[in-house]
Amino acid sequence: MTVVGIDGRLVYETIIRPDDTIIDYNTRFSGVTARDLKRGNNSVKSLKDVQNDLLGFINANTILIGHGLENDLRALKVNEIVFI
C-alpha cells in the first residue's frame with residue numbers, strides 16, 4: 001500500500017498482511033514473497049492497522065486520484081467511510 005502526494009512525495013507505505021492463509025503469492029506479478037510478510041517485519045501491518053492509519057489523514061474532503069481506486073478502496077474496506 002503506497003500513498004503519494006500530488007507532488008510525488010511519499011506519504012505512506014506499508015505491506016498489508018492478510019488475515020487468511022496465502023496459497024499463492026503470485027510473486028511474478030505482485031512482487032511479494034513469503035519472506036516479505038514474515039512476522040516481526042516492521043513494514044508489514046494488519047488491514048485494521050492500515051485502515052486506522054489511512055483514516056488518520058484521509059477523509060470525505062480528501063481528493064483521491066488513482067487507477068482502479070474504487071477497487072483498491074473496496075479491498076481496503078474504507079470506501080464506505082471515505083465517500084460519506
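Student: How many aromatic pairs does the structure hold?
Tutor: One. This is a predicted model, by the way. Tyr12 and Phe57 make up the pair, with 6.0 Å from centre to centre and 50° between the planes.

Student: What kind of pair do Tyr12 and Phe57 form?
Tutor: A tilted one. The angle is neither under 30 degrees, which would count as stacked, nor over 60, which would count as edge-to-face.

Student: Which parts of the chain does that pair tie together?
Tutor: Tyr12 sits in strand E2 and Phe57 in the loop between H2 and H3, so the contact links parts 45 residues apart in sequence.

Student: And Tyr12, buried or exposed?
Tutor: Tyr12 counts as buried, because its relative accessibility is 11% and the cut-off for buried is under 20%. Phe57 is partly exposed, at 34%.

Student: OK, how sure is the predictor about strand E2?
Tutor: Strand E2, residues 10-13, has the highest confidence in the protein chain, with a mean of 94. Helix H4, residues 79-82, has the lowest, with a mean of 60. For the protein chain, the mean pLDDT is 85, and 90% of the residues reach 70 or more.

Student: Switching to pockets. What volume does the largest pocket have?
Tutor: About 670 Å³. Its lining has 27 residues, and the closest to the centre are Met1, Thr2, Val3, Leu64 and Leu69.

Student: Which elements give two or more residues to that lining?
Tutor: Strands E1 (2-4) and E3 (15-17), plus helices H2 (47-55) and H3 (69-76). H3 gives the largest share, five residues.

Student: What's the mix of residue classes in the lining of the largest pocket?
Tutor: There are 19 nonpolar residues, four polar and four charged.

Student: How much space lies in the second largest pocket?
Tutor: About 160 Å³. Its lining consists of Ile15, Ile16, Pro18, Ile22, Asp24, Tyr25, Ser30, Val32 and Leu37. By class, that makes seven nonpolar, one polar and one charged.

Student: Now backbone. What is the phi of Asn26?
Tutor: Asn26 has a positive phi of about 50°, although it isn't a glycine. Asn26 is in the loop between E3 and helix H1 (27-30), and is partly exposed at 40% relative accessible area.

Student: And what about the phi of Lys77?
Tutor: Lys77 also isn't a glycine, and its phi is positive, about 60°.

Student: Where is Lys77 found?
Tutor: In the loop between H3 and H4. Lys77 counts as exposed, because its relative accessibility is 53% and the cut-off for exposed is over 50%.

Terms used
Residues numbered from 1 in each chain as written. Predicted model: local features only at pLDDT ≥ 70, side-chain atom pairs only at ≥ 80, totals over all residues. Heavy atoms only, no water. 1 Å grid on protein atoms, 1.4 Å probe; cavity = no way out; pocket = protein on both sides within 12 Å on 5 of 7 lines; lining within 4 Å. Points joined across faces, edges and corners; volume = space filled by probe spheres on them. Helix = DSSP H or I, 4+ residues; strand = E, 2+ residues; numbered from the N terminus. Nonpolar A, V, L, I, M, F, W, Y, C, P; charged D, E, K, R; others polar. pLDDT = per-residue confidence, 0-100. Phe/Tyr/Trp six-rings, centres within 6.5 Å; stacked < 30°, edge-to-face > 60°. Buried < 20%, exposed > 50% of the residue type's maximum accessible area, 1.4 Å probe, protein only.
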